[in-house]
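I opened this notebook to keep track of what I looked up, one topic at a time. The structure comes first, and my entries follow.

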Amino acid sequence: MKILMVLTSHDRLGDTGRRTGFWLEELAAPYYVFKDAGAEVVLVSPKGGRPPLDPKSSEPGSQTDLTRRFEADGEANAALSSTGRLDGVTHAGFDAVFYPGGHGPLWDLAEDPASIRLIETTLRAGKPVTLVCHAPGVLRHAKTPDGQPLVAGKAVTGFTNTEEEAVGLTAVVPFLVEDELKRKGGLFSKAGDWQPYVVGDGLLITGQNPASSGPAAERLKATLDDR
């Protein structure tokens, strides 16, 4: 099993002067689901190199056993420090693609032609794509072969409007994930704020929030194991 994980390179939280990036738990939890199953994991980002970490995700209140494990893992940190460039990879050679969230993807990956192409071609090749938290927003411009929005008519979830409101960033983000997926025709559902929730529709798997990242990875692993 070989999994491609796509991280953001965007580090500015709008015009707030604050930093953003990927959310640590949403990388660490899936990373160990895959690694502990014996999978090879490859990390990429639009700019390559070390992607920006949302500093809030490494604060004590956001830490988990898996984030601490990741931070102490020399091999994992070496991989994170030298991510490949997103535009230099395709789905070929990988069994699945996984997108961790954090606010960063709303600015770069959502508009990145290489990301859009990767999602579209991976699904067309019959391979699963999984996105969690804010990362489902990256689907906004992806299309089916007949030119329709990729999420139209598909069961999806992602970071909810009420969760965005709770972190005080509704007016800062370029778009709200829940609203955008609905606007594109997605059949959006959700659990309570901060509760783990995963939705699968064929090869497309989405998770609602940080707590959903591990369960979404388990769902992806089960999909691959069933093949």
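I began with Ile119 and, leaving aside its neighbours within four places in sequence, I found it in contact (heavy atoms within 4.5 Å) with Tyr99, Val129, Leu131, Val138, Leu139, Ala142 and Leu150. I note that this is a predicted model, in which local features need pLDDT of at least 70, side-chain atom pairs count only at pLDDT 80 or more, and totals for chains, interfaces and linings use all residues. Residues are numbered from 1 along each chain as its sequence is written, and side-chain values use heavy atoms, with hydrogens and water left out.

I then looked up the largest nonpolar core, a set of buried Ala, Val, Leu, Ile, Met, Phe, Trp, Tyr and Cys residues joined through side-chain atoms within 4.5 Å, where buried means under 20% relative accessible area, exposed over 50%, and partly exposed in between, with a 1.4 Å probe and protein chains only. This core has 32 residues, and those with the most contacts inside it are Val6, Tyr99, Ile119 and Leu131. Among the elements that give two or more residues to it are strand β1 (2–6) and helix α4 (113–124), helices being DSSP runs of H or I with at least four residues and strands runs of E with at least two, numbered from the N terminus. I saw that α4 gives the most to this core, with four residues.

My last entry concerns Gly202, which sits in the loop between β8 (198–201) and β9 (204–207). Gly202 is exposed, with a relative accessible area of 63%, and its C-alpha atom is separated by 12 Å from that of Leu150, 52 residues apart along the chain.
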